[in-house]
Amino acid sequence: MTKTILPRTAPLTGDYRPEGDKSLSHRALLFAALAEGESVIRRFLVGGVTRAMLRCLRQLGVAWELDEAAHLLRVRGVGLRGLRAPAAPLDCGNSATTFRLLAGAVAGAGVPCVLDGSEGLRKRPMGRIVEPLRAMGADVEAVDGHAPLTFRPAPLHPLAYALPVASAQVKSCLILAALSADGPCAISEPGPSRDHTERMLAAMGAAIRTLDPPAHGAVVLPQTAPLRPLDLELPGDISSAAFLLVAATILPGSDLTLRQVGVNPTRTGILDALRAMGADITAANAATLAGEPVADLRVRAAPLRATDVSGDLVVRMIDEFPAFMIAAACAQGRTVVRDAAELRAKESDRIAIMARALRAIGVRVEEFPDGFAIDGTGAIAGGATLDAHGDHRVAMSLALAGLVAREPVAIGGFGILAESFPDFPRVLAL
Ligand code: S3P
């Protein structure tokens with residue numbers, strides 16, 4: 001579906017409660033499946049990526065009921081070793097989180113199965129989970145480091161592993177497998193990737209100790225007792241909220257409040273980066289939901305200036321770069337991002353795809369192997385037909401560009417946004 005985004009003159013105002021966090025929805029669902037007893041999950045994200053996890057778990061013998069309108073999910077847990085061998089390959093669609101987290105779970109449960117996904121997912125690097133899983137003893141075969149992966153039952157053993165790249169998906173995969181190993185596992189990473197898995201599993205009774213700073217990672221002991229079921233409401237997704245934070249910052253006159261957004265410090269890099277650019281974002285009503293910090297974020301339109309992003313900040317805003325690039329284009333001056341080669345391994349090569357799209361609508365972008373520079377002028381020309389390249393966050397970011405551009409911006413494959421933020425077109429009246 002091609003969508004034409006027209007320049008918008010009206011400010012963004014009012015109150016909005018973003019849909020449930022994608023990372024937490026995946027985890028709550030999968031961990032509930034591995035618990036013993038019935039779990040209740042409120043504000044569950046009903047998106048393409050979580051539907052993939054739901055489908056796979058049903059194939060693995062897990063019963064669940066989803067009230068889509070209420071975003072209410074009930075899951076009957078089968079226990080850590082209760083997953084059933086599926087009759088057909090598990091199709092993870094476009095969801096790398098589904099793929100990598102399930103890989104750890106099926107390796108741990110000793111379930112013979114094939115994990116597969118969309119053409120896009122088959123291009124994503126899976127050697128990063130295959131190598132450490134094999135080092136634990138898993139019997140897993142890949143196709144040249146990529147999906148499909150074929151698992152056969154094998155006992156898992158202790159592992160001490162340092163991830164070469166900070167990744168919550170890889171870390172979570174290994175933590176899940178480690179629960180079924182016959183000794184302790186230590187997993188470390190070079191930066192502070194999101195720690196939702198550690199928090200949620202610990203609350204369910206897993207023996208997980210996070211490493212003390214400046215180290216990052218966790219030590220996991222074998223799980224002997226059943227995991228306790230969940231009864232919780234999830235925070236709003238800061239990665240979805242980020243699109244609205246940028247939109248309200250660059251649309252003159254805007255004043256928008258986003259309710260109960262997850263503000264786990266491993267996810268708030270976008271707030272730091274936008275504030276460093278002069279964005280007017282304040283937080284209020286701090287609370288805890290599902291063991292995670294949440295707050296109401298109020299954002300008012302503000303002029304932006306360029307900034308630099310590198311190091312740990314990249315990890316803490318890893319999903320927000322497409323939206324951030326629109327903010328940088330609307331800022332005055334040269335914004336430089338480094339240490340971000342990982343952006344090339346996301347749903348698309350986000351450096352190359354966004355650079356090409358931005359150039360087509362009049363933005364000056366320089367590409368580096370590990371980042372980019374944008375020479376912001378405060379304005380975007382627009383007047384081009386672009387493509388989302390099967391990447392939900394590229395689709396939504398290009399829509400933001402269209403809202404502030406002088407000429408309309410058409411976006412091919414726009415519907416992909418429903419992978420993570422189905423409500424996006426309604427909130428922005430697109
Ligand atoms: C996620 C981790 C990140 C992120 C993805 C969700 C997660 O991926 O990009 O959208 O839920 O663990 P990496 O772990 O590959 O960085």
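# Briefing: the ligand site and some backbone oddities

The ligand is surrounded by Lys22, Ser23, Arg27, Thr97, Arg100, Ser167, Ala168, Gln169, Arg194, Asp319 and Lys346. Keep in mind that this is a predicted model. The ligand occupies the largest pocket, and the elements giving two or more residues each to its shell are α1 (22-34), α3 (96-109) and α6 (168-178). Below you'll find the ligand site, then a couple of buried polar side chains, then the backbone, then some pairs of residues to place in space.

**Around the ligand**

- By residue class, the shell splits into 6 charged, 4 polar and 1 nonpolar.
- Helix by helix, α1 is the top contributor, giving 3 residues to the shell.
- Ser23 has a side-chain N or O atom 2.7 Å from an oxygen atom of the ligand.
- For Arg27, the distance from a side-chain N or O atom to an oxygen atom of the ligand is 2.6 Å.
- Lys346 also brings in its side chain, with an N or O atom 2.7 Å from a ligand oxygen.
- How much of the ligand's accessible area does the protein cover? On its own the ligand has 380 Å² of accessible area, and the protein covers 96% of that.

**Buried polar side chains**

- Gln223 sits in the loop between β13 (216-220) and β14 (231-233).
- Is Gln223 buried or exposed? Its relative accessible area is 7%, so Gln223 is buried.
- A polar atom of the Gln223 side chain lies 3.0 Å from the backbone oxygen of Ala225.
- Thr197 belongs to helix α7 (residues 196-203), and with a relative accessibility of 0% Thr197 counts as buried.
- What does the side chain of Thr197 contact? The side chains of Thr197 and Ser172 are joined by a polar contact of 2.7 Å.

**Cis peptide bonds**

- Going from Ala147 to Pro148, the peptide bond is cis, and omega is near 0°.
- Pro148 is part of strand β9 (residues 146-152).
- The peptide bond from Pro213 to Pro214 is cis too, with omega near 10°.
- As for where that one falls, Pro214 is in the loop between β12 (208-210) and β13.

**Positive phi outside glycine**

- Arg43 isn't a glycine, yet its phi is positive, at about 55°.
- You'll find Arg43 in the loop between β3 (36-42) and α2 (48-59).
- Arg43 has a relative accessible area of 7%, so this residue is buried.
- Asp144 isn't a glycine either, and here too phi is positive, at about 55°.
- Asp144 lies in the loop between β8 (139-143) and β9.
- Is Asp144 buried or exposed? Asp144 has a relative accessible area of 72%, and anything over 50% counts as exposed, so Asp144 is exposed.

**Sequence separation and distance in space**

- Gly104 lies in helix α3, one of the helices that give two or more residues to the ligand shell.
- The relative accessibility of Gly104 is 0%, so Gly104 counts as buried.
- Between Gly104 and Met354 there's a C-alpha to C-alpha distance of 32 Å, with the two residues 250 apart in sequence.
- Ala160 is in strand β10 (residues 160-162), and its relative accessible area of 69% makes Ala160 exposed.
- How far apart in space are Ala160 and Ala247? They are 43 Å apart, C-alpha to C-alpha, with 87 residues of sequence separation.
- Ala355 belongs to helix α12 (residues 350-360), and at 0% relative accessibility Ala355 counts as buried.
- Ala355 and Glu366 are 11 residues apart in sequence, and their C-alpha atoms are 7.5 Å apart in space.

Conventions. Residues are numbered from 1 along each chain as its sequence is written. This is a predicted model: local features need pLDDT of at least 70, side-chain atom pairs count only at pLDDT 80 or more; totals for chains, interfaces and linings use all residues. Side-chain values use heavy atoms; hydrogens and water are left out. A residue is near a molecule or strand if one of its heavy atoms lies within 4 Å of it. A polar contact is a pair of N or O atoms within 3.5 Å; within protein, one must be able to donate a hydrogen and the other to accept it, and residues adjacent in sequence count only if both atoms are side-chain atoms. Accessible areas come from the Shrake-Rupley method with a 1.4 Å probe; for residues, only the protein chains shown count as cover. On a 1 Å grid over the protein atoms alone, a cavity is a set of points where a 1.4 Å probe fits but cannot get out, and a pocket is an open set with protein on both sides within 12 Å along at least five of seven lines; lining residues have an atom within 4 Å of a point. A molecule sits in a cavity or pocket if more than half of its atoms lie within 2 Å of its grid points. Helices (H or I, at least four residues) and strands (E, at least two) are DSSP runs, numbered from the N terminus. Ala, Val, Leu, Ile, Met, Phe, Trp, Tyr, Cys and Pro count as nonpolar, Asp, Glu, Lys and Arg as charged, and the others, Gly among them, as polar. Buried means under 20% relative accessible area, exposed over 50%, partly exposed in between (1.4 Å probe, protein chains only).
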